[in-house]
Each structure stands twice: as C-alpha cells, then as structure tokens.
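Me: Please examine one part of this model closely, namely its sheets, and then relate what you find to the remaining features that can be described. A connected account would be preferred.

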Amino acid sequence: MKITQQSSLPQFQGLPRRHFLQTVSGLVAGALGAGVMRADELPPNANPRAIFGDTVEPDWKQRLSVTVGPTKADLVGSTDRVIQAAVDYVARLGGGTVRVLPGTYRMRNSVFLHSKVRLLGSGTDSVLFKESSVTTKLTVNGDHWDQEVTLADPKGFEVGDGVRLVAKDPHGKGTNIIQRTLIASSGNRFKLDRRLEERFHLDGDPRIATNFALLQCTGIADAVIENLTVDGNKAHNEMIDKGAFDDGAIRLDECNRITVRGVTVHDFYCDGIVWGISHDVLVENCHLYDGARLALHSGSGSQRSIVRGNRMQRSAEGIYFCWGAQHGLYEKNVIEDCGYGMTFGHSDSDNLIRDNDIRRSREAGIHFRGGNKAFAPHRNRIEGNRIVDSGGEKGIGIEINGETEAVVLSKNEIRETRGRASRIGILIGAETRDIRSEDNRIEGVATPVSDLRKE
C-alpha cells in the first residue's frame with residue numbers, strides 16, 4: 001500500500017521545496033516585523049522617568065556640582081590631585097560639574113576626565129600650570145611584563161608623577177612610547193600604575209621624563225572642558241620623543257562627543273589640543289598661541305570633528321589633519337604667524353574648510369601633503385577662506401600635490417601685500433586629478449594659478 005504525505009498547508013502544494021522554504025521564511029519575517037515600531041513612530045513622552053539602564057531621562061534642572069580652589073571651596077587645594085579628586089567624586093555619582101575656581105594649579109600629572117563630567121574654569125583666572133620636566137635614563141632592562149623601572153637619577157621624580165617612557169625597540173619595530181604614573185618608590189626604583197607592555201632594554205637608550213597631557217580623556221563620552229587656561233611652561237619643559245606627533249596639552253583618545261570650548265592653551269612644549277580615534281569632537285572658541293608644534297591636531301581616524309571660531313598664533317602649524325581625519329567642518333577660525341596654516345595628509349578626506357582667515361604663514365597657507373592615490377586626501381572642499389601673505393619669496397597660498405583627487409577651491413580670497421616676487425596663489429601638482437578652482441580672487445602674486453597637470 002502506497003502512502004502519500006501531504007502538506008498541512010494546502011496552498012503550498014506543488015511548490016518545490018526550495019520555493020516553499022523561501023515563501024514561509026518571508027511570511028514569518030513579515031509577521032515578526034509587523035509588530036516592531038520605529039522610534040519615530042512611538043508616541044512622544046514629554047516627561048520621561050529615570051529608569052535604570054535607560055539613557056532617556058528628564059532634563060534635570062540641577063545636577064551635582066563641586067568646586068575646587070586654593071581657598072573656600074568644596075575641595076581645597078591647588079594641584080592636579082584636588083581636581084582629580086573632584087572629577088572622580090562627580091563621576092562616581094553619575095556626572096555633573098567640577099568648577100575650577102580662580103587660582104594657579106601646579107600640575108605634576110594629568111587630570112583624567114570621566115564620561116558626563118564638565119570641567120568648568122574661570123577663564124584666564126583658572127590656570128593649569130605644567131611643572132618643569134625632568135629627564136633621566138633607565139639603568140635596568142625593562143621587559144613588557146615589568147611594572148617597575150630603575151632610574152639613573154631619581155632627583156625631581158615623585159610618587160604621583162605622570163611620566164613618559166621612550167626607547168628604541170630591540171626587535172626593530174621603531175620607537176616604544178608609553179605613558180604611566182609613578183605609584184611607589186624605594187631609592188631609584190619606582191613602581192608604575194601598569195606594566196610596561198613594551199620592551200625598554202638598555203641597548204635602546206631608554207629614557208623617562210615627567211611629560212604628560214595636562215587634561216587627558218581616554219575611552220570616555222559626553223565630557224566638556226570649558227573656560228580654562230593651560231600654561232605648558234615651554235621654557236622649562238622638553239619632549240623626549242620629538243619626532244612623535246601624538247601628545248598635547250589636552251589629549252583625547254578613543255572618545256565620543258567631547259567638547260572643548262573657550263580654553264586658552266599657550267606656551268605648550270608639544271601640541272596644543274590633539275584628538276585621535278575620537279568622533280564628534282567639538283573644539284570651539286579656543287585660543288592657542290606660542291606652541292612648539294601643532295596648535296590643533298585633528299588626529300588619526302577621527303570622524304565628524306567640528307572646529308569653529310578658534311584663534312591659533314605662532315605655532316609650527318595651525319591645524320594639522322592626521323591620518324584619516326574625515327567628514328569634519330572647520331570654519332571661522334583665525335590662524336596667524338604659523339609655519340603652515342593647515343595641512344592635509346594620509347586619507348584626510350571629505351572635509352569642509354570654509355570662512356577661515358589664514359595670515360602670514362611662514363611656508364604656505366593651506367598645504368596638501370600628498371601621497372599615492374590610495375592614501376591621498378581626497379574630496380575636500382576649501383570655500384570662502386581668506387589667505388594673506390603666505391611664505392617667503394616663493395610662498396604659496398594653497399598647494400595641492402601627490403595623487404590627490406576631487407578637491408574644490410571655491411570663492412577663496414588669496415592676497416599678497418609684500419610684493420609679487422616668485423609667489424604663487426594656487427599650485428596644482430602634476431599627479432593630481434579633478435581639482436576644481438571656482439571664482440577664487442587672487443591678488444598681488446607673480447603667478448595666480450600654477451597648474452602642473454599635463455591634461
């Protein structure tokens with residue numbers, strides 16, 4: 001006797017097995033999706049409650065606020081330690097404001113910020129002052145598992161100090177650079193807050209110095225630094241890794257939604273404000289001057305930076321775009337008397353540069369550092385900027401080189417007031433492609449546009 005098994009769903013009889021499964025899967029997915037509402041379809045909640053684990057909460061009229069200062073404050077003192085204590089306290093209770101009252105705060109280590117903390121100063125009256133740096137060599141090999149170092153001369157080093165260690169890697173990987181805090185000592189032996197993680201062998205000339213960022217954000221979100229003055233004490237500080245462009249008076253690493261507003265940074269011996277792999281950073285209405293290196297360092301991989309209304313003076317570079325700084329807005333900044341006004345390099349693409357004033361750059365106003373097509377800074381728009389008196393007798397207002405593509409120069413004003421000499425308004429390199437120059441006004445130079453492309 002032959003028994004035939006029939007489908008319990010008669011409407012699918014006769015369908016091949018593969019089509020049957022596809023049809024049923026589609027119906028199941030549709031049924032499940034039919035009950036899911038998008039956020040914009042949900043009824044509004046004008047008065048949410050604070051519920052554990054939910055990021056949506058009321059707009060509280062008052063949040064925790066703690067003052068620090070030399071006298072008459074919640075926490076009294078004038079060092080990095082009192083500021084750090086206030087930051088830690090506020091962060092432990094879910095965030096709020098640390099008010100830095102007028103005074104000069106002597107910094108022997110970074111202040112490490114936390115998420116949802118606002119560090120608010122009193123403008124030029126609240127000064128974070130970098131103590132003089134000291135440097136010495138290590139006298140015992142350090143391996144990556146070690147959590148202590150032995151110093152040739154411990155004079156000037158104290159428990160609690162922030163330190164930077166530098167050495168050539170014994171396996172030829174380049175230079176090892178780490179940041180640590182000294183947490184214990186016996187004679188010339190100091191314990192570190194974390195292990196070395198790299199090799200600091202004596203044949204690599206290992207050195208240690210009290211170098212550190214005065215304000216450090218690492219792996220945090222939604223923090224604000226506002227209305228403070230940072231004095232880098234450049235005359236009495238020296239970087240021990242001069243070739244590394246990754247340290248600053250204010251430094252952000254792997255952060256999201258950090259605001260730096262109304263901050264003055266001067267006489268910094270490294271970069272002014274530097275951020276790397278940090279997204280949606282806002283740097284606004286800051287004043288940076290007399291720095292040794294880069295005033296603003298828009299660092300590696302950072303997306304959607306907004307840099308607005310800042311003034312940069314007398315530094316090696318005004319704004320330095322570094323390795324994949326992309327999709328940013330840089331507007332209404334003033335850059336004066338720097339080596340370069342702005343420079344773009346490795347994959348610094350899709351940025352809008354508009355309505356900036358760049359004056360008296362020693363080399364060039366805006367400079368594209370070039371590179372091959374895979375890594376050149378493509379698709380940047382330079383619009384409505386005013387670039388005046390760039391470089392020496394062969395100075396250049398805007399220079400685009402390498403295999404850079406799809407850059408738009410629109411409605412910029414490039415002027416030279418010192419005489420034509422051999423100066424160039426816009427220089428377009430031979431290997432560039434799709435560089436568009438539209439409605440730019442160029443005055444007082446020997447060559448308004450020098451286009452070296454063969455096409």
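Reply: The model is a predicted one. The account may begin with an open sheet of six strands, in which the order is β8-β13-β10-β11-β12-β9 and the pairing is antiparallel. Its edges are formed by β8 (135-137) and β9 (148-150), each of which pairs on one side only. Direction ignored, neighbouring strands of this sheet are turned against each other by 35 degrees on average. At the β8 edge, the partner is strand β13 (residues 207-209), which runs antiparallel to β8 and is joined to it by three bridges. Within this pairing, T135 has A209 of β13 opposite it.

A second open sheet is built from 11 strands with parallel pairing, and its order reads β4-β7-β16-β19-β22-β25-β28-β31-β34-β37-β40. Here the edge strands are β4 (103-107) and β40 (441-443), and each of them pairs on one side only. The average turn between neighbouring strands of this sheet is 10 degrees, again with direction ignored. At the β4 edge, five bridges connect β4 with strand β7 (residues 126-130) in the parallel sense. In this pair of strands, Y105 stands opposite L128 of β7.

Attention may now pass to a single residue in another strand. D271 belongs to strand β20, which covers residues 271-276. D271 is classed as buried because its relative accessibility is 0%, and the limit for that class is under 20%. The side chain of D271 takes part in two contacts that can be described here. One brings it to the backbone nitrogen of L294, at 3.2 Å. The other is a polar contact of 2.8 Å between the side chains of D271 and H297.

The last feature is an open space. The second largest pocket has a volume of about 320 Å³. Its lining comprises 15 residues, and R63, G94, G95, G96 and K116 are the closest to the pocket centre. Two or more lining residues come from each of β3 (96-100), β6 (117-120) and β15 (221-226). The largest contribution is that of β15, which supplies three residues to the lining of the second largest pocket. By residue class, this lining divides evenly into five nonpolar, five polar and five charged residues.

Notes. Residues numbered from 1 in each chain as written. Predicted model: local features only at pLDDT ≥ 70, side-chain atom pairs only at ≥ 80, totals over all residues. Heavy atoms only, no water. 1 Å grid on protein atoms, 1.4 Å probe; cavity = no way out; pocket = protein on both sides within 12 Å on 5 of 7 lines; lining within 4 Å. Points joined across faces, edges and corners; volume = space filled by probe spheres on them. Helix = DSSP H or I, 4+ residues; strand = E, 2+ residues; numbered from the N terminus. Nonpolar A, V, L, I, M, F, W, Y, C, P; charged D, E, K, R; others polar. Pairing = 2+ DSSP bridges. Axes fitted to C-alpha atoms, helices over the stretch in contact; angles between N-to-C directions. Buried < 20%, exposed > 50% of the residue type's maximum accessible area, 1.4 Å probe, protein only. Polar contact = N/O pair within 3.5 Å; in protein donor to acceptor, adjacent residues only side chain to side chain.
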